Amino acid sequence: MDEHLLERFVTYAKVNTRSDMSSQTVPTTDTQVEFALMLAEELKEIGLAEVEYNEANGFVTATLPSNLTHEVPIIGFIAHIDTADFNAENIQPQIHPNYTGNDIVLNEELGIVMTNVEFPQLANYIGQTVITTDGTTLLGADDKAGMASIVTAMEEFIQHPELPHGKIRIAFGPDEEIGRGALLFDVDHFQAEFAYTLDSGRVGKFEYETFNAAQAELTIKGTSVHPGMAKNSMVNALLVAAQFATALPQAEVPEKTEEYEGFYMLSSQVGTIDEVKATYIIRDHDKAVFEERKNHFKALVNQVNQTFDQPRITLKLYDQYYNMRDIIEKDFSIVELALNAYRALGIEPDVKPFRGGTDGSIISHKGLPTPNIFTGAENLHGKYEFVSLEGMKQAAKIVIEIARMTAEK
Ligand SMILES: [Zn+2]
């Protein structure tokens, strides 16, 4: 398994599949289409059935037919093709076999070093094969590691027909990092009864709770007049924006919250005296509190507006995704199945509410419960990203174990 997995990961990682928020095409970048078509060829080559590339949503799907004589549920495994908003030109994965625990020089010439002081978790990887960047790009282990582990698990099944498994469906989709890809995922066509994403996180991580998420776009209109004649007529949109920002609960921001605590975050603000555009995100695990937060936000907009001659702030508020727990808790057996697979492989489950969203947040609310399994990747979305071969192998083994346990029933 090792050699194929490493080679497969490096091949995937080298392809630039960065998504692009400003693009309106599906997928948002042509490189993702090229990658998807390359992947489809590979899936056919290793012997998977029903390999399809869907032009409408950019997903590649394939089937591993059951080798059982009895019926078991169809399981899905999902990962994403795109990488985050960080340089992905000319990715050169560096392989460090039998890692010693020392600082890792990513780029000698540029003096870029990943130190074990800044990244103490490197101590967990002593003796392993660690794969890093060359310090100039991200690695894209988020989520090429997930993809490589799923494909390698499918290859293992095909090469070892003695491994029992029901029908397995796999899907690889675009534009996860910009929160769009899964919106177009075709759950009916996928036909799985439940699924797992393999997307980021050190070995042992498991997530079935995510935030509920909304975004608020504010346009603040000022009245710009010459400062010399501004008395009783100027309204400075920049100060209105500040007035609004300071009216929000000051302790409920990401830098002061953790675990189940929700927040409001100002994510961008640009403008002049005449006009300011501000974007906030609103997050909470609890659906009722999430609704309260949105209502509070709207009420504050009204409150600030009332202090002026006319409404100065216009608000566009919309939901982005919801907590997958609300779907998954209807049947916790898929969580237990995965955690039992972890334990069977000697992996201690590390289950915490995820302070973000995954493709599974959207897919679960489309009717296919989809919690998240680790990939072994760490320091995502930047030049210090890394993954170990052993971590990816564990993820592949979890896929095989989940299928085996399901086949037993
Ligand atoms: Zn990811």
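**Exercise 1. The sheet**

In what order do the 8 strands of the open sheet stand, and is the pairing parallel, antiparallel or mixed?

*Solution.* The model examined here is predicted. Step one is to read the strand order, which is 1-2-8-3-9-16-10-15 in this open sheet. Step two concerns direction: the pairing is mixed. Step three turns to the edges, where strand 1 (49-53) and strand 15 (350-351) each have a single partner strand, so one side of each has no neighbour in the sheet.

**Exercise 2. One strand pair**

Determine how strand 3 is joined to strand 8, and which residue of strand 8 stands opposite Ala79.

*Solution.* Strand 3 covers residues 75-80 and strand 8 covers residues 168-173. The two run parallel and are joined by 6 bridges. Within this pair, Ala79 has Phe172 of strand 8 opposite it.

**Exercise 3. Two domains and their contact**

Describe the division of the protein into domains and characterise the interface between domain 1 and domain 2.

*Solution.* Begin with the bounds: the domain assignment gives domain 1 as 2-209 + 323-408 and domain 2 as 212-321. Domain 1 contributes 11 residues to the contact and domain 2 contributes 10 residues. The C-alpha centres of the two domains are 36 Å apart.

Next, consider area. Between domain 1 and domain 2 about 870 Å² is buried, with 47% of this coming from carbon and sulfur atoms. On the domain 1 side, Asn323, Pro353 and Arg355 account for 60% of the area buried against domain 2, more than any other three residues.

Then consider the polar interactions. The rule finds 0 salt bridges across the interface of domain 1 and domain 2, whereas 9 residue pairs are in polar contact between these domains.

Finally, examine the side of domain 1 that touches domain 2. Helix 7 (325-328) and helix 9 (359-365) each supply at least two of its residues. By class, this side of domain 1 has 3 nonpolar, 4 polar and 4 charged residues.

**Exercise 4. A salt bridge between loops**

Establish which residue forms a salt bridge with Asp85, and why the pair ties together parts that are apart in sequence.

*Solution.* The whole structure holds 19 salt bridges. In one of them, Asp85 pairs with Arg18. The closest N and O atoms of this pair are 2.7 Å apart, and the cut-off is 4 Å. Asp85 belongs to the loop between strand 3 and strand 4 (94-96), and Arg18 to the loop between helix 1 (2-14) and helix 2 (30-45); the pair therefore ties together parts 67 residues apart in sequence.

Notes. Residues numbered from 1 in each chain as written. Predicted model: local features only at pLDDT ≥ 70, side-chain atom pairs only at ≥ 80, totals over all residues. Heavy atoms only, no water. Domains from an automatic or database assignment. Contact = heavy atoms within 4.5 Å. Buried area = accessible area lost by both parts, 1.4 Å probe. Salt bridge = Lys/Arg side-chain N within 4 Å of Asp/Glu carboxyl O. Polar contact = N/O pair within 3.5 Å; in protein donor to acceptor, adjacent residues only side chain to side chain. Helix = DSSP H or I, 4+ residues; strand = E, 2+ residues; numbered from the N terminus. Nonpolar A, V, L, I, M, F, W, Y, C, P; charged D, E, K, R; others polar. Pairing = 2+ DSSP bridges.
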